[in-house]
Amino acid sequence: MVDPQVERLLTHSPDAAVEQLATLPEGQWYERKSGRINARDLASTLVAFANAEGGHVVIGIHDGQIDGVTPQQLNSLRQAPIDFTSPTVRTDAFEVSLADSQTLLVLRVHPGERVHETTKGDCFLRIGDETRRLPFHLRRELEFDRGSAPFDGTAATADIEDLDTAQVEAYAALIGATSAESMLTARDLRTRDGRLTAAGVLLFAERPQVLFPSAQVRILRYASDDRGVGARMTLMAGGDVRCEGSVPHQIAEASDVIDQWIPSVQALAVSGRFESRPIIPRNVWLEGLVNAVLHRSYSMMGDHIRVEIFPNRLEISSPGRFPGIADPTDPLTISRYARNPRIIRVCSDLGIARELGEGIKRIFAEMRSVGLTDPIYTQSGSTVRLTLSAADALPADLIDSLPAGARLLLDVLRLEGRPLGTGQVADLAGMARPTAIRHLQRLRAEGIVRWDGQSARDPRATWRLR
């Protein structure tokens, strides 16, 4: 069970709802607190949610047990946003009365339009299931990006009648909303005066491009490793497709096109045979595509997302820059930040995105697991580009110098992605043990693999990639 069901649980009978709220996994948008927490300590959690994408805080449950909130505590906890956060975190408060006269307090925290802090001057951010205090440099990055309200929360010139009924009803049912209006309110897709937000249009309009013409993914396929110019442009006939519609529809359509167009190579598969696979693993380019669609700057009307497919690489360009003073030359250090918190929240509910802030790390890990060179992020004045190369992480001359058997064992270790004993490596490669040992020693001498063991006869000794 995941957080999209919180609203649904709150519509159940109080005792039935509480039983499930007590075991619901905590995460990006859900946290439990003991009824004994004081208002000042609660403020850090409220600030963390407001600085991320909002969420629910249920007060009165501790270690899976109901400890309730006393009548004296209820008022002070309700006033915690006013008394102990700056600027005041916007919350909606609900009381859940149980059969045994105990009471829970549920606070729904809205995403902030500015950076929030506690009255003690501490700034927090919700990351996964943790509330983290931000050091000065990360707080400064957040302030740069929160200098104004997120664009996806601004009012759009559209009405609820302009939304696609099927998409709206399906999502409302998913989160347990009783109507389209209650769904839009629950996910902050309407402004305080009831107008539809940009996020609401981008997520649920059948064709949001009427209002946001650049909200599209363009996919280009080239016949050569170079684009070429003019008459020498290498764009293939029929190799230019624009994917429009709602954000979820764009991602689905674009991924189908990329699946069809991305070049393939023969590589060792789990079956132990050489099989066709895309030059870039699907999990990698799909993560890059989703990140581009969800994190692009929709306020920049002049450009669209561009996916360019070459025989030797794939490039994804997205309007907007990394948050604040983030360094694109060291992307693994870039902290989690949602430029479009409402869009990301809905797409996470739909299973399109995850909420752990690990997308860039996952892209690097997947590329390294198949032995490809690290992804490259570059940033211009208004665009971030991700380059995913099909080049081997090892120098070409080194690869060429290895015997075919050594290259096979290297593929086995990459495919498995875990330490293996000599016998396991030999079995997976279909190779005699003495031959496998000879090739493994060659890989070790080249500094490609590492042997971990206590002695030459250690039965627990393993081989792993360096």
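**Surroundings of Ala 205 and the two faces of helix 17**

In the predicted model, Ala 205 makes contact with Asp 162, Leu 163, Asp 164, Gln 167, Gly 200 and Ser 246, residues up to four places away in sequence being left out of this list. Ala 205 itself lies in a loop, the one that runs between helix 9 (198–204) and strand 11 (217–222). With a relative accessibility of 6%, Ala 205 falls under the 20% cut-off and is therefore classed as buried. A further position in the surroundings of Ala 205 is Val 247: the C-alpha atoms of Ala 205 and Val 247 are 9.1 Å apart in space, while 42 residues separate the two in sequence.

A second region considered here is helix 17. Helix 17 comprises 13 residues, 433–445, for which a rise of 1.5 Å a residue predicts a span of 18 Å; the C-alpha atoms at its ends are 18 Å apart, in agreement with that expectation. The buried residues in helix 17 are Ala 436, His 439, Leu 440 and Leu 443. Because these four residues cover an arc of only 105° around the axis, they lie on the same side of helix 17.

The buried residues of helix 17 pack against two helices and two strands, namely helix 15 (404–416), helix 16 (422–429), strand 19 (449–452) and strand 20 (462–465). On the face turned away from this buried side, helix 17 carries Pro 434, Arg 438 and Ala 445, which are exposed. Beyond the end of the helix, Gly 447 follows, with a positive phi near 75°.

Methods:
Residues numbered from 1 in each chain as written. Predicted model: local features only at pLDDT ≥ 70, side-chain atom pairs only at ≥ 80, totals over all residues. Heavy atoms only, no water. Buried < 20%, exposed > 50% of the residue type's maximum accessible area, 1.4 Å probe, protein only. Contact = heavy atoms within 4.5 Å. Expected span 1.5 Å × (residues − 1). Arc of directions from axis to C-beta.
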